[in-house]
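Me: I have a structure open and would like to learn how to read it. Could you take me through it, term by term?

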Amino acid sequence: MTDILNMLQAPGPAMKDILVKASESNWVPTDPNGKAFIKVLWTCAESGGWAVMHKWKKGYVAPPHKHLGAIHAFIVSGKLQLREHTIETGDYMYEPNGIIHESTEALEDTIHLNIADGPILFFDDEKITGYGSWEQMYRVQQRGKDL
Ligand SMILES: [Fe+2]
């Protein structure tokens, strides 16, 4: 190893890239009506972050939620209605930590990439109904291996 590589090398265990062949992994159904699926690409226990692909069929409506960590969203294909925004193929949206999103509707069959910094809190008109975090995404990823 050259001197510059020795100097730049991170201390501790050898670091490795994580390559996910997303085309070879399974879509895991997440909606009882068969309109929403997830492919989990990555989860991180240390940071609480995750990266997933969502596939929503036209007409799927995602429930209201509050972000407890920011999300970077990229529309691979399709079209979503998110409050006043129509976001479609090629669009990127940054959803900041703390923002509240009312229902989000798939106007077309849509695939979108989400890179999340932290959990999501779901609610209805009266109460908190659940949350999503790297832990749930990890479990979904494990379920996908058995499909
Ligand atoms: Fe959101």
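Reply: Happily; we start with the overall make-up, then turn to a core and a sheet. This is a predicted model, where local features need pLDDT of at least 70, side-chain atom pairs count only at pLDDT 80 or more, and totals for chains, interfaces and linings use all residues. Residues are numbered from 1 along each chain as its sequence is written.

Me: How many helices and strands does the protein have?
Reply: Helices (H or I, at least four residues) and strands (E, at least two) are DSSP runs, numbered from the N terminus. Here there are two helices and 14 strands.

Me: Which residues make up the largest nonpolar core?
Reply: A residue is buried if 20 or more other C-beta atoms, placed from the backbone, lie within 10 Å of its own. A nonpolar core is a set of buried Ala, Val, Leu, Ile, Met, Phe, Trp, Tyr and Cys residues joined through C-beta atoms within 7 Å. The largest one has eleven residues, including Val28, Phe37, Ile71 and Val140. At least two of its residues come from each of β2 (36-43), β3 (50-56) and α2 (134-145). Another core, of six residues, lies apart from it, with Trp56 and Leu80 among them.

Me: Which strands are at the edges of the open sheet?
Reply: Two strands pair if DSSP finds at least two bridges between them. The open sheet of four strands runs β10-β5-β13-β14 with antiparallel pairing. Its edge strands, β10 (100-101) and β14 (128-132), each pair on one side only. Between β5 (residues 65-67) and β13 (residues 120-123) there are three bridges, and Lys66 has Leu121 of β13 as its bridge partner.

Notes:
A residue is buried if 20 or more other C-beta atoms lie within 10 Å of its own, exposed if 12 or fewer, and partly exposed in between; C-beta atoms are placed from the backbone.
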